Amino acid sequence: MENTVQPDLKKSLYAEAEKELLSITEGETNITALMATVSCVLSEKFDYYFWTGFYVVDPQKENELVVGPYQGTLGCLRIPFGRGVCGTAAASRETQLVADVHAFPGHIACDSRSNSEIVVPVINRDGQLIAVLDVDSVEYGSFDETDRVSLESLMQRIFA
Ligand code: SME
């Protein structure tokens, strides 16, 4: 099944989510609180979001992500840079838009129901990678340029 959200509806839902999140998080600097709130609001807003959350750069281990705040079914705990979709986004610092995760080399299947995903790097105001935002869908091809542009903008406005 392909994503059936109308493009205009998708854009307006992202605009709403960004407005709500900027208002709720105004003045908050705690990273865990910000990540938990972003995960919650996004997963409530979009029906096609099946797993929504953050993998955080582990300060104790070089080049490894560790699971952070999320909404959804059990996620794996650790992902090395360069592995799977999250690890590729972390290593390249570029958003990964994957229409069919089963075709992605090295994809890590935490939940076999996930069929497409988007992973967006989270960069702080010092230009350091602090995490990646991972959103999975049970449908194929759920994410497009609107998701990419909207989520990149949201990450920039909340975390940079
Ligand atoms: N799909 C991810 C792994 C994380 S989970 O889906 C929660 C990946 O390949 O990076």
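Which residue of strand 2 stands opposite Thr-52? Gln-71 does, and the views below work outwards from there. This is a predicted model, in which local features need pLDDT of at least 70, side-chain atom pairs count only at pLDDT 80 or more, and totals for chains, interfaces and linings use all residues. Residues are numbered from 1 along each chain as its sequence is written, and side-chain values use heavy atoms, with hydrogens and water left out.

**View 1. Strands 1 and 2 run antiparallel.** Here 5 bridges join strand 1 (residues 51-57) to strand 2 (residues 64-71). Strands are DSSP runs of E, at least two residues long, and helices are runs of H or I of at least four, both numbered from the N terminus; two strands count as paired if DSSP finds at least two bridges between them. The hairpin leaves 6 residues between the strands, and Asn-63 takes a positive phi near 55°.

**View 2. Strand 2 also pairs with strand 3.** This pairing is antiparallel too, over 3 bridges, with Leu-65 partnered by Ile-79 of strand 3. Another hairpin links the two, again with 6 residues in between. Look in its turn for Gly-72, which has a positive phi of about 140°.

**View 3. The whole sheet is open and antiparallel.** Its 6 strands follow the order 3-2-1-6-5-4. At the edges sit strand 3 (78-80) and strand 4 (96-98), each paired on one side only. From one strand to the next the twist averages 25°. Helix 4 (residues 145-159) packs on the sheet and touches strand 1, strand 4, strand 5 (116-123) and strand 6 (129-137); contact means heavy atoms within 4.5 Å. The helix direction makes about 30° with that of strand 5 (axes are lines fitted to C-alpha atoms, for helices over the stretch in contact, and angles run from 0 to 180 degrees between N-to-C directions).

**View 4. The protein surrounds a ligand.** Among the residues around the ligand (a heavy atom within 4 Å) are Trp-51, Tyr-55, Ile-79, Asp-134 and Asp-136. For polar contacts, read N or O pairs within 3.5 Å. Ligand oxygen atoms lie 2.7 Å from a polar backbone atom of Cys-86 and 3.0 Å from one of Ile-108. A ligand nitrogen is 2.8 Å from an N or O atom in the Glu-117 side chain. Taken alone the ligand exposes 300 Å², and the protein buries 99% of that (Shrake-Rupley areas, 1.4 Å probe).

Notes. A polar contact is a pair of N or O atoms within 3.5 Å; within protein, one must be able to donate a hydrogen and the other to accept it, and residues adjacent in sequence count only if both atoms are side-chain atoms.
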